[in-house]
Amino acid sequence: MSTKPPCQCCGNDPAELYCRLDEFIASLDLQPRDPRRKGHLIKILHHAQKLFGHLPAEVQKHVAARMNLHHADISGVISFYNHFTTTPRGKYDISVCMGTACYVKGADKVLAEFEKQLGLSSGEVSEDALFSVQALRCVGACGLAPVVMVNDKVYGRVEPKDVQGILNDYRNKGIPENE
């Protein structure tokens, strides 16, 4: 039995999460010196983030050791791709696109309204861990500008007046099970 406290994102025993991550990596049947193993890194990091909720340094080092890579290789990929995070996020992760098309159509005002209604600044998580909010680079849905994503759901042509309704929909759902 692990003496570590339960994982903040899911309440699971961290040892169990590491075991599940190791099982996933093993299922890929990667050879320690095969240069193609790096091709699986993003898939592994997505799986790790799904398990842990984020990718703190200890998870990065664990992946690096299992893949026979340097920690710098792992952290470089994480810092390059906007999807990965090293800090916890809420169950409902709100991302406001700040690409040129979205910004020109008022994304900054939409972000400000989310921050105001949640009492958060971009990059923060609510105390109940239900919501996090962040600015995001272009999501590639410029025709829907301004775009907001809540987890994987895309909202297009969002205006500040829409923010309360979006938040209420998720507040009414509460904390999702099995996530």
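**Helix faces, cysteines and a loop histidine**

The buried residues of helix H6 (residues 107–118) are covered by a set of elements that includes strand E1 (92–97), helix H5 (100–104), strand E2 (131–136), strand E3 (148–150) and helix H7 (163–173). As the model is a predicted one, what follows describes computed geometry. The residues of H6 that are buried are Ala107, Val110, Leu111, Glu113, Phe114 and Leu118. They lie on the same side of H6, because the arc they cover around the axis is only 160°. This pattern is a familiar one to anyone who has drawn a helical wheel: an α-helix has 3.6 residues a turn, so residues three or four places apart point the same way. Lys109 and Lys116 are exposed on the face of H6 turned away from the buried side.

The length of H6 can be checked as well. With 12 residues at 1.5 Å a residue, the helix should span 16 Å, and this agrees with its end C-alpha atoms, which are 16 Å apart. Glycine 119 follows H6 and has a positive phi, near 70°.

Helix H4 (residues 71–80) offers a second case of a helix with a buried side. Here the buried residues are Ile74, Val77 and Ile78. Their arc around the axis is only 100°, which puts them on the same side of H4. Ala72, Ser79 and Phe80 are exposed on the other side of H4. Helix H2 (41–52) and helix H3 (57–67) are among the elements that cover the buried residues of H4.

H2 and H3 also frame the next residue of interest, since histidine 54 sits in the loop between them. Is histidine 54 buried or exposed? Its relative accessibility is 12%, so histidine 54 counts as buried. Leaving aside residues up to four places away in sequence, histidine 54 touches Ala48, Gln49, Thr85, Thr86, Thr87 and Pro88.

Turning to the cysteines, how many disulfides does the model contain? With the sulfur atoms of a pair required to lie within 2.5 Å, the count is zero. Cysteine 97 is in no disulfide, and the nearest cysteine sulfur, belonging to cysteine 102, is 3.5 Å away. Cysteine 97 counts as buried because its relative accessibility is 2%. Cysteine 142 is likewise in no disulfide; for this residue the nearest cysteine sulfur is that of cysteine 138, at 4.0 Å. Cysteine 142 has 43% relative accessibility and therefore counts as partly exposed.

Terms used: Residues numbered from 1 in each chain as written. Predicted model: local features only at pLDDT ≥ 70, side-chain atom pairs only at ≥ 80, totals over all residues. Heavy atoms only, no water. Buried < 20%, exposed > 50% of the residue type's maximum accessible area, 1.4 Å probe, protein only. Helix = DSSP H or I, 4+ residues; strand = E, 2+ residues; numbered from the N terminus. Arc of directions from axis to C-beta. Contact = heavy atoms within 4.5 Å. Expected span 1.5 Å × (residues − 1).
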